[in-house]
Amino acid sequence: MAVSDPIADYLTRIRNAQQAGHRIVDIPASKLKKSMTEILYNQGYILKYKFEDDAHFGQGIIRIALKYDPKTKQPVIRKLGRVSTCGLRKYYKVDEIPRIINGLGIAIVSTSKGVMTDKQAREENVGGEVLCYVY
């Protein structure tokens, strides 16, 4: 089945798996999704991930182990949201990139230097398309 917005599909699969209480979620892979997964791992939002080749999916799958708080059993990711959509792209200059919950959350930004967090984009002094936010 063709997906019209693969990034929204990626975020929705993670959101749905967390709501259902799953530990692992499989997502069709792409370079952009792999970069986003690495950012989520480096920022501590997911437990671990693995890229696997699969005959059913062209570029393989991303297997993500979701992270939950051990005391409350609540997901570490409280909210995932898509900012830039297929119909309305949102580009920001470096000084206009939004801060998510005053720096407690992250925005994932696609820049000319690659996919990075909002904080890294400010350090690199580069703007770009804000794909989504996570907190």
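These legends accompany close-up views of a predicted model.

**View 1. Three strands form an open sheet.** Here the strands line up in the order β1-β3-β2, and their pairing is antiparallel. The two edge strands are β1 (24-28) and β2 (46-52), each of which pairs on one side only. Neighbouring strands of this sheet are turned against each other by 20° on average, with direction ignored. As a general reminder, the strands of a sheet pair through backbone hydrogen bonds, in either a parallel or an antiparallel way.

**View 2. Strands β1 and β3 run side by side.** Strand β3 covers residues 61-66, and five bridges link it to β1 in the antiparallel sense. To find your way along this pairing, look for Ile27, which stands opposite Ile62 in β3.

**View 3. Two helices meet the sheet.** Helix α1 (residues 6-20) lies across β1 and β3, and runs at about 165° to β1. Helix α2 (residues 31-42) also packs on the sheet, where it touches β1, β2 and β3. The direction of α2 makes about 155° with that of β2.

**View 4. A salt bridge sits within helix α1.** The side chains of Asp9 and Arg13 come together in a salt bridge, at 2.9 Å from N to O. Both residues belong to helix α1 and are four residues apart, which is about one turn of the helix. How accessible is Arg13? Its relative accessible area is 32%, so Arg13 is partly exposed. For context, the structure holds eight salt bridges, and this view shows one of them.

**View 5. A salt bridge sits within helix α3.** In this view Arg122 meets Asp118 in a salt bridge, with an N to O distance of 3.6 Å. The two residues lie four apart in helix α3 (residues 118-124), again about one turn of the helix. Is Asp118 buried or exposed? Asp118 is buried, with a relative accessible area of 5%, whereas Arg122 is partly exposed at 23%. In general, side chains of opposite charge can pair when their charged atoms come close.

**View 6. A salt bridge joins a loop to a strand.** Arg89 and Glu129 form a salt bridge in which the closest N and O atoms are 3.1 Å apart. Arg89 lies in the loop between β4 (80-82) and β5 (91-92), while Glu129 is in strand β8 (residues 128-134), so this pair ties together parts that are 40 residues apart in sequence. Arg89 is partly exposed, at 41% relative accessibility. Its partner Glu129 counts as buried, with a value of 10%.

**View 7. Four charged residues share a network.** Which residues are joined here by salt bridges that share partners? They are Asp26, Lys50, Glu52 and Arg63, and together they make one network.

**View 8. Tyr49 and Phe51 form a tilted pair.** A search of the whole structure finds three aromatic pairs. In the pair shown here, the ring centres of Tyr49 and Phe51 are 5.2 Å apart, with 50° between the planes, and the pair is tilted. Both rings belong to residues that can be checked for accessibility: Tyr49 is partly exposed at 27%, and Phe51 is partly exposed at 32%. Widen the view a little to take in Tyr41, which forms one aromatic cluster with Tyr49 and Phe51.

**View 9. Tyr133 and Tyr135 are stacked.** Why is this pair called stacked? The planes of the two rings are at 15°, so Tyr133 and Tyr135 count as a stacked pair, with their centres 6.0 Å apart. Tyr133 is partly exposed at 22% relative accessibility, and Tyr135 is partly exposed at 28%.

**View 10. Cys86 and Cys132 stay unbonded.** How many disulfides does the structure hold? The number is zero. The sulfur of Cys86 has its closest cysteine sulfur in Cys132, but the distance is 13 Å, which is too far for a bond. A disulfide would need the two sulfur atoms to be within 2.5 Å. The surroundings of the two cysteines can be read from their accessibility: Cys86 is partly exposed, with a relative accessible area of 44%, whereas Cys132 is buried at 0%.

Key:
Residues numbered from 1 in each chain as written. Predicted model: local features only at pLDDT ≥ 70, side-chain atom pairs only at ≥ 80, totals over all residues. Heavy atoms only, no water. Pairing = 2+ DSSP bridges. Axes fitted to C-alpha atoms, helices over the stretch in contact; angles between N-to-C directions. Contact = heavy atoms within 4.5 Å. Buried < 20%, exposed > 50% of the residue type's maximum accessible area, 1.4 Å probe, protein only. Phe/Tyr/Trp six-rings, centres within 6.5 Å; stacked < 30°, edge-to-face > 60°.
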